[in-house]
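This report looks at how helices and strands are arranged in one model. Strand pairing comes first, then helix packing, then charged pairs.

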Amino acid sequence: MLIITAKDYDEMSQKAARYIAAEILLKPDCLLGLATGSTPIGTYQELIRIHQQEGLSFQKVRTVNLDEYYGLPASHEQSYRYFMQETLFDHIDICPDNTHVPDGLTKDPQSYGKEYDELIVALGGIDLLLLGIGSNGHIAFNEPGSYFTAQTRLVDLNPNTIEDNSRFFESKDDVPRQAISMGMKSILDSKRIVILASGAGKAQAIKDMLEGPVDPMLPASILQLHSNVTLIADKAALALVQPD
């Protein structure tokens, strides 16, 4: 795993955006896997700047998002479809039909998950996947204990995840208890993975991901076995990692 140290959140975001921009320049019709949450916001803002000021085009780019809260319509301000529109898609020249976010209102999550995985394969597989990491080591909404062979599916959110995400809602009681999440298999099938981490709150998870055993109780640890992973993290998130 390649580790790139950034001095702070802004530098982390700029470096990540350059990785994604380079992927688009090399393959204009690439399939990007995209994350939500607070960590990638700066990366998306920098991509918007590169598009507006440097002419990076997203016209042929396709995207698939990692997850969506179950039970929230796309119009809900805390849905991840809404997040992606507000944070990135509405500010670049991407074709709306080329953006894919899981449907949080599907009536048949099992069948829908299979269809979402089939969509990823039909689009040629994910060329570059942008990941964050939860304080408990989850990636997407693959919580501790998730099978490494799991497909896209309906998952129950860990209490730790609910607590972490409650800052986006009026109260913890408003946080959905389930989500549609891309499975570990599709994540591991991605050709290239960029994982972001910022702040001291992610330091233990990063240490365990890098130095601990590969263990389903820390889902991100499986990334040790992927052949092309780049971790871009600020100094606070890397504070517990032993230098080589």
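## Strands, helices and a salt bridge

Strand 7 and strand 8 (residues 178-181) run antiparallel and are joined by 4 bridges. Within this pairing, Arg153 has Ser181 of strand 8 as its bridge partner. The model is a predicted one.

These strands belong to an open sheet of 3 strands. The order is 4-8-7, and the pairing is antiparallel. Strand 4 (67-69) and strand 7 (153-156) form the edges, each pairing on one side only. From one strand to the next, the twist averages 30°.

A further open sheet has 7 strands, with parallel pairing. Its order is 1-10-9-6-2-3-5. Here the edge strands are strand 1 (2-6) and strand 5 (99-100). Each of these pairs on one side only. Inside the sheet, strand 2 (residues 31-34) pairs with strand 3 (residues 62-65) in the parallel sense, over 4 bridges. Leu32 has Thr63 in strand 3 as its bridge partner. Helix 7 (residues 203-211) packs on this sheet. Helix 7 touches strand 1, strand 9 (193-197) and strand 10 (229-234). The direction of helix 7 makes about 150° with that of strand 10.

Now the helix pairs. Two packed helices are described by the angle between their axes and the distance between the axes. The table gives both values for two pairs that share helix 2.

| Helix pair | Angle | Axis distance |
|---|---|---|
| Helix 1 (residues 9-26) and helix 2 (residues 41-54) | about 55° | 8 Å |
| Helix 2 and helix 3 (residues 80-87) | about 40° | 10 Å |

With an angle of about 55°, helix 1 is therefore oblique to helix 2. The crossing of helix 1 past helix 2 is right-handed. On the helix 1 side, the contact is made by Tyr9, Ser13, Gln14, Ala16, Ala17, Arg18, Ile20 and Ala21. Helix 2 contributes Ile41, Gly42, Thr43, Glu46, Leu47, Arg49, Ile50 and Glu54. By class, the residues of this contact are 8 nonpolar, 4 polar and 4 charged.

What about the other pair? At about 40°, helix 2 is likewise oblique to helix 3. Helix 2 brings Ile41, Tyr44 and Ile48 to this contact, and helix 3 brings Phe83, Met84 and Thr87. Here the classes are 5 nonpolar, 1 polar and no charged residues. Ile41 appears in the contact of helix 2 with helix 1 and also meets helix 3.

Last, the charged pairs. Side chains of opposite charge can pair when their charged atoms come close. How many salt bridges does a search of the whole structure find? The search finds 9. One salt bridge joins the side chains of Glu54 and Arg18, at 2.8 Å, N to O. Glu54 lies in helix 2 and Arg18 in helix 1, so this pair ties together parts that are 36 residues apart in sequence. Arg18 and Glu54 are also among the residues that make the contact between helix 1 and helix 2.

Terms used: Residues are numbered from 1 along each chain as its sequence is written. This is a predicted model: local features need pLDDT of at least 70, side-chain atom pairs count only at pLDDT 80 or more; totals for chains, interfaces and linings use all residues. Side-chain values use heavy atoms; hydrogens and water are left out. Axes are lines fitted to C-alpha atoms, for helices over the stretch in contact, and angles run from 0 to 180 degrees between N-to-C directions. Helices (H or I, at least four residues) and strands (E, at least two) are DSSP runs, numbered from the N terminus. Angles under 35 degrees count as roughly parallel, over 145 as roughly antiparallel, 65 to 115 as roughly perpendicular and the rest as oblique. A crossing is left-handed if the near helix is turned anticlockwise from the far one by less than a right angle, and right-handed if clockwise. Contact means heavy atoms within 4.5 Å. Ala, Val, Leu, Ile, Met, Phe, Trp, Tyr, Cys and Pro count as nonpolar, Asp, Glu, Lys and Arg as charged, and the others, Gly among them, as polar. Two strands pair if DSSP finds at least two bridges between them. A salt bridge is a side-chain nitrogen of Lys or Arg within 4 Å of a carboxyl oxygen of Asp or Glu.
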